[in-house]
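Subject: Handover of a structure and notes on its contents

Dear colleague,

Please find below the structure that I am passing on to you. I would be grateful if you would read the notes with the coordinates open beside them.

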Amino acid sequence: MKKRHIRDYAELRPLVEEMGILPLFPGAIQGYSLWDYTDEADWFQGDSEYDPWEWRCRAAAEGHLAYGKFFGGKAGFISRTWFPVFVNARRRGLTFDAIRRKEKWPEDTRKVMALFQQEGEFPSNDVKKRSGLTRSFDRTVTLLQHKTYLLTTGFFRKRSKEGLEYGWSTAILATAETYFGTQYVHSCSYDSWQDSRQEILDHVAGMFPRAPSRLLHLFLD
C-alpha cells in the first residue's frame, strides 16, 4: 500500500482501521509498523498529540483499537473490525482451559487469568503482586496478550504529594471480553480458526505483496 507519514494522534485511528493490523515498531515485514509511518524525530518527546510513543496510551484507553503485545512479543494495534478474526485464529476455537492444556502452558497463566474472573481490570503491578509471580510475570502476560486473552487498556504514573506525575508508566490490563464485550470478541467463532488465520495472511500479503511467505507466517504465529 502507498506509504504516507502521519503527524498527529487524530490520524492514528484511521490508519489502523485502514490497515487493520499495525505493529508499533519494525519487525519481520519491512516497512510494516507505526514507526515506518511516522517521523523518527517525533518519537519520545512526551507530547500526547504529536509523539507516536504517547499515542499508545490514549488509544489503549479509548476502546476503539486493541493494543497489546500481539506480534511475537512486540506491541501493536489491531482494529476493532479485525480483532475477532485474530481471536479466532489465535485461540483456535478452544476455551482458555482447553488451549492451556493442549499447548501445555505453565500454571502461571491460570493464576493470572483467575484474577480477571473476579474483577475486570487491574494495573499490571497489582496483577504481579496478587498472582505471586516474579521472574515469569512478563513472559506470562506477553503470552496471554499474544493469544488475545489480555489487552493493555491504559497507562498511569504515580503522583507525588504535590500531584505531579513521576516514574515510568504502568500498564493497565483487562481481558478482551471486558474491553470489547464477550459477544463481539467471539463473533467469528463460527468460522474455522484455519479460515481466520488464512484471512489475516491474505490481508497482510495484499498490503505487502513482496513480503516472503515465511515472514507472513512468522508475523502471525
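The notes that follow go from the overall fold to the sheet, the aromatic rings and the charged side chains.

Please bear in mind throughout that this is a predicted model.

Overall fold

The protein comprises 11 helices and 6 strands. Its radius of gyration is 18 Å, close to the 17 Å that the globule rule gives for 221 residues, so the protein is as compact as a globular protein of that length. Along the principal axes, the C-alpha atoms occupy a box of roughly 50 × 45 × 30 Å. Buried residues make up 47% of the 221.

The three-stranded sheet

One open sheet has 3 strands in the order β1-β3-β2, and its pairing is antiparallel. Strands β1 and β2 are at the edges with a single partner strand each, so one side of each has no neighbour in the sheet. On average, and ignoring direction, neighbouring strands of this sheet are turned by 30° against each other.

The pairing of β2 with β3 (residues 74–79) runs over 5 bridges, and one residue pair joined in this way is Gly68 with Gly76 of β3. These two strands form a hairpin with 2 residues between them, where Gly72 adopts a positive phi near 60°. On the other side of the sheet order, β1 and β3 are joined antiparallel over 3 bridges, and Ile21 is placed opposite Ile78 of β3. As for its surroundings, β2 (residues 65–71) is mostly covered, with 6 of its 7 residues buried.

Aromatic rings

A pair of aromatic rings is described by the distance of the centres and the angle of the planes. The model contains 19 aromatic pairs. One of them joins Phe44 and Trp53 in a tilted arrangement, with 5.5 Å from centre to centre and 55° between the planes. Trp53 has a relative accessibility of 27%, so this residue counts as partly exposed.

A second pair consists of Trp105 and Tyr149, whose planes stand at 85° with the ring centres 6.2 Å apart; the pair is therefore edge-to-face. Trp105 sits in the loop between α4 (96–102) and α5 (107–116), while Tyr149 sits in the loop between α7 (137–146) and β5 (150–159), so their contact ties together parts that are 44 residues apart in sequence. Both Trp105 and Tyr149 are buried.

There is also an aromatic cluster, made up of Phe70, Phe71, Phe83, Phe86, Tyr179, Phe180 and Tyr184.

Arg56 deserves a separate entry, as its charge is placed over two rings. This residue lies over the face of Trp53, 3.6 Å from the ring centre, and also over the face of Phe155, where the distance to the ring centre is 4.5 Å.

Salt bridges

Side chains of opposite charge can pair when their charged atoms come close. The model has 8 salt bridges. Which residue does the side chain of Arg7 meet in a salt bridge at 2.9 Å, N to O? The partner is Asp42. Arg7 belongs to the segment before α1 (12–19) and Asp42 to the loop between β1 (21–23) and α2 (52–62), so the bridge ties together parts that are 35 residues apart in sequence. Arg7 is partly exposed, with a relative accessible area of 42%, whereas Asp42 is buried at 13%. Together with Asp39, these two residues are linked in a network of salt bridges.

Lys147 and Glu103 form another salt bridge, at 3.4 Å from N to O. Lys147 is in the loop between α7 and β5 and Glu103 in the loop between α4 and α5, so this bridge, too, ties together parts that are 44 residues apart in sequence. These are the loops that hold Tyr149 and Trp105 respectively. Lys147 is buried, with a relative accessible area of 12%, and Glu103 counts as partly exposed at 32%.

A further salt bridge joins Arg100 and Glu107, at 3.6 Å from N to O. Arg100 is buried, with a relative accessible area of 14%; Glu107, at 37%, counts as partly exposed.

With kind regards

Note on methods. Residues numbered from 1 in each chain as written. Predicted model: local features only at pLDDT ≥ 70, side-chain atom pairs only at ≥ 80, totals over all residues. Heavy atoms only, no water. Phe/Tyr/Trp six-rings, centres within 6.5 Å; stacked < 30°, edge-to-face > 60°. Buried < 20%, exposed > 50% of the residue type's maximum accessible area, 1.4 Å probe, protein only. Helix = DSSP H or I, 4+ residues; strand = E, 2+ residues; numbered from the N terminus. Lys NZ or Arg CZ within 6 Å of the ring centre and 35° of its normal. Salt bridge = Lys/Arg side-chain N within 4 Å of Asp/Glu carboxyl O. Pairing = 2+ DSSP bridges. Axes fitted to C-alpha atoms, helices over the stretch in contact; angles between N-to-C directions. Rg over C-alpha atoms; globule rule 2.2 N^0.38 Å.
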